[in-house]
There are 2 protein chains.
Amino acid sequence: MTNKQPLSTAQSIATHLEQMILDGSLAPERKIPSERQLASRLGVSRAIVREALHELHGRGMIETVHGKGSFVAGIVPTVDESTPLMQLYTGHSRTLYDLFEVREQLEGQAAALAAERATEQDQYRIRKAFEAMEAADPLTNADLDHAFHRSIAEASHNPVLLHVLSSLKNLMLDSVQAAVLNLAHRQAFKQQIDRHHRQIYHAVISRQARWAKKAAMAHVRHVSESLRQIEEQEKRLIRAALEPQPAANG
Amino acid sequence: MTNKQPLSTAQSIATHLEQMILDGSLAPERKIPSERQLASRLGVSRAIVREALHELHGRGMIETVHGKGSFVAGIVPTVDESTPLMQLYTGHSRTLYDLFEVREQLEGQAAALAAERATEQDQYRIRKAFEAMEAADPLTNADLDHAFHRSIAEASHNPVLLHVLSSLKNLMLDSVQAAVLNLAHRQAFKQQIDRHHRQIYHAVISRQARWAKKAAMAHVRHVSESLRQIEEQEKRLIRAALEPQPAANG
DNA sequence: GACAAAAAACTGGTCCGACCAGTGGTGAAT
DNA sequence: ATTCACCACTGGTCGGACCAGTTTTTTGTC
């Protein structure tokens, strides 16, 4: 009908990147490789890459910041500091639990969908993330935990779900780290978490959607409740984690 | 604190051209000056012009043909709101259903929480929204439908959930309108939707969380599946909804 | 060692000039 | 008048250069 002519290089690159974003290969966080990197990797000039990126920008799929890079646009308006929501839970930790409440639902859905839809490649990625997490120190665990959950979210093959979950994670990034760090200190909690992870992992791999969903939801709920429990013990848990290390060594 | 960065040259040129196109300064024929012309006229390099044009192409406002030039895209003035994921499903309608997939979950949760947590004031608001919706014409129904669902989401007293749902709704605003409009035309669908609304309403008001959740989820799923069904009948459903009132009076 | 200042090494933004590849008009050869 | 080579358009691609922000590393000082 219209144009069957070979797409211009920029077009196909844009389409390619778009596909990667939709697939989740490019997570909604800070990830898109630098222009020079893309250029050399794809064997084209930087100008072409820039044109492709502008194309995507026009579609509202990415944002670009001078000096920093290009990022996959978040669905939920990426809250930086000034966002009302941010202050909300910074001051009122209750919102943190609202966050968990929503996350519980979505992680459950993600796990269920992952169990149903994961390709072999997805399963491989999930396994890798899981094994890396198991073999890690409790201290460096935070990122790996994140990676594990994301690998599952990616396997859901629902870009919307992936983006929303990513946004939520961003939203609670600081506090989650505080949580994991603090939970990891307590052997009992950590073991429970590991058990949950194992359950999720096996459920997804063995394609048992219901089980996966339940396990994932239980996991999030457990983390949330553990956190709440701890918070009552040490009220200043989150505040401490958010404050700029007072550099008090003595 | 947000992004007040002076728009890049390419950005402002793109915006400028967009404005001209919308104003009609550039009619939909063989319009847009050549890249070299624009470059010299605007006092920028051709690369910048090309980036701007790609931006517009990404928004679907222009088409470019090798050897001929760039042209204002057909009769379909692009949607002004360039929301992040908006374009996403414009091209890939699959994403629309991903959106519904997530929404199903969250609307269910919202309804359940609303049933549990709604204050008297919430219930009052919900009732008002519901009654307004019932007494309305099928045509003006879209906004009222929106309002009804939001009143429930608000009653969940989970700001995060509200926030996310709001974002998702924004993303599918046009298509939802298309959906409602198209579903409303068909008595069978409309009655089913009304029934769902009634169920949700009563479940929430009578504080039956499980029921509310089920009804809400069924509702979203029904809308999604109805839409899918219709889409197969009339492939151009969404496109039509996105097109500017053809101003066809005769 | 701790810490702040300077430097280097990123990132994107812009420009230039060149050349390739389609398109269309003009004029010469037929 | 038709045909065809040519040339002046158009967009497509390239490479290198430089500017301007950001982040990391190094360095110099206490």
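A residue counts as near a DNA strand if one of its heavy atoms lies within 4 Å of it. With that in mind, we can begin the tour, remembering throughout that this is a predicted model.

**Stop 1: DNA strand C**

Select DNA strand C and then show the protein residues around it: there are 23 of them, and those that come nearest are Arg36(A), Arg46(A), Thr9(B), Ile48(B) and His66(B). If you colour the strand by its parts, you can see that sugar and phosphate account for 62% of the atoms of DNA strand C that come within 4 Å of the protein.

Now zoom in on single contacts, starting with Ser34(A), which has a polar side-chain atom 3.1 Å from a phosphate oxygen of DNA strand C. Next select His66(A), where a polar side-chain atom lies 3.5 Å from a base nitrogen of DNA strand C. Then go to Gly67(B), where a backbone N or O atom is 3.4 Å from a base nitrogen of DNA strand C.

Which elements supply at least two residues each of the surface near DNA strand C? On chain A they are helix 2 (35-42), helix 3 and strand 1 (62-65), and on chain B there is helix 3. Helix 2 of chain A provides the largest share of this surface, namely three residues. Colouring the surface near DNA strand C by residue class gives three nonpolar, twelve polar and eight charged residues.

**Stop 2: helices 2 and 3 of chain A**

Keep helix 2 of chain A selected, add helix 3 of chain A, and look at how their axes come within 8 Å and cross at roughly 115°. That angle makes helix 2 of chain A roughly perpendicular to helix 3 of chain A, and the crossing of helix 2 of chain A with helix 3 of chain A is right-handed.

To see where these two helices touch, show Glu35(A), Arg36(A), Leu38(A) and Ala39(A) from helix 2 of chain A, together with Arg46(A), Val49(A), Arg50(A) and Leu53(A) from helix 3 of chain A. How many nonpolar, polar and charged residues does the contact of helix 2 of chain A with helix 3 of chain A have? It has four nonpolar and four charged residues, and no polar ones. Arg36(A) and Arg46(A) take part in this contact, and Arg36(A) and Arg46(A) are also among the residues that come nearest to DNA strand C.

**Stop 3: DNA strand D**

Move to DNA strand D, which is surrounded by 23 residues, with Thr9(A), His66(A), Glu35(B), Arg36(B) and Arg46(B) as the closest. Of the atoms of DNA strand D that come within 4 Å of the protein, sugar and phosphate account for 60%.

Select Ser34(B) to find a polar side-chain atom 3.2 Å from a phosphate oxygen of DNA strand D. Two further side chains face bases: an N or O atom in the side chain of Arg36(B) is 2.9 Å from a base nitrogen of DNA strand D, while for an N or O atom in the side chain of His66(B) the distance to a base nitrogen of DNA strand D is 3.3 Å.

The elements giving two or more residues to the surface near DNA strand D are helix 3 (46-58) of chain A and, from chain B, helix 2 (35-42), helix 3 (46-58) and strand 1 (62-65). Helix 2 of chain B gives the most, with three residues. By class, the surface near DNA strand D contains three nonpolar, twelve polar and eight charged residues.

**Stop 4: helices 2 and 3 of chain B**

Display helix 2 and helix 3 of chain B, whose axes come within 8 Å and cross at roughly 115°. Helix 2 of chain B is therefore roughly perpendicular to helix 3 of chain B, and their crossing is right-handed. Here Glu35(B), Arg36(B), Leu38(B) and Ala39(B) of helix 2 meet Arg46(B), Val49(B), Arg50(B) and Leu53(B) of helix 3.

**Stop 5: helices 6 and 10 of chain B**

Finally, select helix 6 (residues 120-134) and helix 10 (residues 187-205) of chain B, whose axes come within 11 Å and cross at roughly 165°. Are the two helices parallel or antiparallel? Helix 6 of chain B and helix 10 of chain B are roughly antiparallel to each other, and their crossing is left-handed. Among the residues making the contact are Ile126(B) and Phe130(B) of helix 6 and Tyr201(B) and Val204(B) of helix 10. By class, this contact has six nonpolar, two polar and three charged residues.

Notes: Residues are numbered from 1 along each chain as its sequence is written. Chains are lettered from A and ligands numbered from 1 in the order in which they are written. This is a predicted model: local features need pLDDT of at least 70, side-chain atom pairs count only at pLDDT 80 or more; totals for chains, interfaces and linings use all residues. Side-chain values use heavy atoms; hydrogens and water are left out. A polar contact is a pair of N or O atoms within 3.5 Å; within protein, one must be able to donate a hydrogen and the other to accept it, and residues adjacent in sequence count only if both atoms are side-chain atoms. Helices (H or I, at least four residues) and strands (E, at least two) are DSSP runs, numbered from the N terminus. Ala, Val, Leu, Ile, Met, Phe, Trp, Tyr, Cys and Pro count as nonpolar, Asp, Glu, Lys and Arg as charged, and the others, Gly among them, as polar. Axes are lines fitted to C-alpha atoms, for helices over the stretch in contact, and angles run from 0 to 180 degrees between N-to-C directions. Angles under 35 degrees count as roughly parallel, over 145 as roughly antiparallel, 65 to 115 as roughly perpendicular and the rest as oblique. A crossing is left-handed if the near helix is turned anticlockwise from the far one by less than a right angle, and right-handed if clockwise. Contact means heavy atoms within 4.5 Å.
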